Amino acid sequence: MTGNPIVTQLPLLSAELLPPKKAEKQHSFHTFWQQPERLPRFVAQCPTARRYLDLLGPLPWDTFPERNLQRQWRHPPIPFQTMALAELIRLEEGHGSLNKLHRFLEEHPSLVWLLGFPLYPAPQTPLGFNARQSLPTHRHLTRLLRQMPNAGVRELLRVSVQLIRTELERQGLAIGECVSLDTKHILAWVKENNPKAYVTDRYNKTTQPKGDPDCRLGCKRRRNQAPNPTTPTRNAVSAKKVTVGEFYWGYGSGVVVTKVPGWGEFVLAELTQPFDQGDVSYFFPLMRQVEAHLGKKPRYGTFDAAFDAWYVYAYFHDESEPTRGFAAVPFSEKGGFKVNARKFSEEGLPLCEAGLAMPLKFAFTDRTSCLVEHERGKYVCPLVFPQRTRRTCPIHHPRWKKGGCTVMMPTSIGARLRYTLDRESEQYKILYRQRTAVERINAQAVALAIERPHLRNGAAIANHNTLIYLLINLRFLQRLRQKLREPE
């Protein structure tokens, strides 16, 4: 082949052109995955470029939200999809910073061409462009990661779920019957998280770290079911020295995962929030994503004790289903209540200590005691309401002289299911064991450096997290397709 092998395919590399002031229309990464014969020879013969084309190509990059590339910028604008592709490559290669990604791309000019970076013409070189001058600085890459719309990246995550669903449905497999949810702490890149740095008011939530304006102070407890501390009789310790949890400035990442027996697990939904948000605040936003991605509501859910809330049980209890699902969640014993502290009648009314069904006296809308606005009711002694009887309390309870026993609790069926769920049944144990799926996804995310990103604002960290989970799904999809292509 005579002449430059790619000059005829890229008008941007024409010898008459200076470094462009206006971006040309970018070639399609997805199209090259569908039609690899259109690749120039130096890209087609590069194993690294073909490997990433196979991994990232199935996504519809043509539909990725883009900024105005025709605007007169000082330098050729970098498309958002190019930045997203470059960040996925950085994560896959395990480079800890965008500086190292810059060097990696410079060493692989075929990727510079394939990802769609505006090329700097250099006709005297074998490839016709200068890879180093075609790449922006690592600071500009960080800026693009911050400015990239997270909705577009999450749409790619949704598409990855659809692609996995399509492949599995061809094998007659249904997905999403059981989901597991968990949260992961993310440490902000600030000196307040460095125990060796001297910081006054390190854990003062009103003193925002200068290194990250979006991070918040939160507590990561060592366990969800801590034993009740006892008062020491000797060698008393000051309350200032008692460790009750691990405090960090940072963010939290919530993820919903489903397991496919025999194939593995993948991500259905994700959400990044400041670290001062509780675990249960992730539940409804994530489940809305799951329903949108699956097109249905999952029947079963398995969570740790942080999600022991009445509305979690109520969500999975569908009266219209002949075989109702349920949520496998350990009892957290919050408020001092034991798992069998409350019993209920067949009608769903709480029983007093004497075994009498307590009728509902009144109900009201509670907007303060819970994250979810709900109806809460007061149940009272049946011997005094609705009409006072001549009978006295069979067990002579101490509260009988004060009007009898009372119970304040949500009227939702979830409040009853929280106490009556048989956590010793074989079905519960089998379902709860599937929670390890989300732990394995978290382990993959930790290996991709989700815990300590070198980023300094919430928008960049949210995009970084979504791209991590997207890469996990793309790896699963690639393994799935490779296994299906293998001869039996």
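# Notebook: a cavity, some salt bridges and two sets of strands

I started with empty space: the largest cavity holds about 70 Å³. A reminder to myself before going on: this is a predicted model.

**Entry 1, the cavity**

I asked how many cavities of 30 Å³ or more the structure holds. The search gave one. Next I looked up the lining of the largest cavity and found 13 residues. Those nearest its centre are Cys 352, Cys 381, Cys 393, His 397 and Cys 405. I also sorted the lining by class: nine residues are nonpolar, two are polar and two are charged. A note for anyone reading over my shoulder: Cys is counted as nonpolar in this sorting.

**Entry 2, salt bridges**

I searched the whole structure for salt bridges and came away with 16. I then took a few of them one by one.

I looked at Arg 165 and Glu 169 and found a salt bridge, with the closest N and O atoms 3.4 Å apart. Both residues belong to helix 9, which covers residues 150-170. They sit four residues apart, about one turn of the helix. Is each partner buried or exposed? Arg 165 has a relative accessible area of 18%, so I wrote it down as buried, the cut-off being under 20%. Glu 169 comes out at 46%, so it goes down as partly exposed.

My second pair was Asp 308 and Arg 418, whose side chains meet in a salt bridge at 3.0 Å, N to O. Which parts of the chain does this pair tie together? Asp 308 lies in the loop between strand 7 (300-302) and helix 11 (310-316), while Arg 418 lies in helix 12 (residues 413-420), so the bridge ties together parts that are 110 residues apart in sequence. I checked accessibility here too: Asp 308 is buried, and Arg 418 is buried as well.

My third pair was Arg 367 with Glu 373, where the side chains meet in a salt bridge at 3.4 Å, N to O. Both partners are out in the open by the numbers: Arg 367 is exposed at 58% relative accessible area, and Glu 373 counts as exposed at 52%. I also noted a network, in which salt bridges with shared partners join Glu 167, Arg 170 and Arg 481.

**Entry 3, the sheet of strands 9, 10 and 11**

I moved on to an open sheet of three strands and read its order as 9-10-11, with antiparallel pairing. Which strands are at the edges? They are strand 9 (360-366) and strand 11 (406-410), each of which pairs on one side only. I looked up the angle between neighbouring strands in this sheet and got 20° on average, direction ignored. Between strand 9 and strand 10 (residues 374-380) I found six bridges, in the antiparallel sense. One position I wrote down is Asp 366, which stands opposite His 374 in strand 10.

**Entry 4, strand 5 and its partners**

Strand 5 (residues 246-260) got an entry of its own. How many of its 15 residues are buried? I found 12, so the strand is mostly covered, with buried meaning under 20% relative accessible area.

I then listed pairings of strand 5:

- Strand 3 (residues 178-187) runs antiparallel to strand 5, and nine bridges join them. Here Asp 182 has Val 255 in strand 5 as its bridge partner.
- Strand 4 (residues 216-220) is also antiparallel to strand 5, with five bridges. Across this pairing, Lys 220 stands opposite Glu 246 in strand 5.
- Strand 6 (residues 264-274) pairs with strand 5 in the antiparallel sense over 10 bridges. The bridge partner of Tyr 251 is Pro 274 in strand 6.

I looked at the hairpin of strand 5 and strand 6 as well, which has three residues between the strands. In this hairpin Gly 262 takes a positive phi near 85°.

**Entry 5, Ile 430**

My last lookup was Ile 430, which I found in helix 13 (residues 426-432). Its relative accessible area is 43%, which makes Ile 430 partly exposed. I compared its position with that of Ala 328: the two are 102 residues apart in sequence, and 9.5 Å apart in space, C-alpha to C-alpha.

How values were computed. Residues are numbered from 1 along each chain as its sequence is written. This is a predicted model: local features need pLDDT of at least 70, side-chain atom pairs count only at pLDDT 80 or more; totals for chains, interfaces and linings use all residues. Side-chain values use heavy atoms; hydrogens and water are left out. On a 1 Å grid over the protein atoms alone, a cavity is a set of points where a 1.4 Å probe fits but cannot get out, and a pocket is an open set with protein on both sides within 12 Å along at least five of seven lines; lining residues have an atom within 4 Å of a point. Grid points are joined across faces, edges and corners, and a volume is the space filled by probe spheres set on the points. A salt bridge is a side-chain nitrogen of Lys or Arg within 4 Å of a carboxyl oxygen of Asp or Glu. Helices (H or I, at least four residues) and strands (E, at least two) are DSSP runs, numbered from the N terminus. Buried means under 20% relative accessible area, exposed over 50%, partly exposed in between (1.4 Å probe, protein chains only). Two strands pair if DSSP finds at least two bridges between them. Axes are lines fitted to C-alpha atoms, for helices over the stretch in contact, and angles run from 0 to 180 degrees between N-to-C directions.
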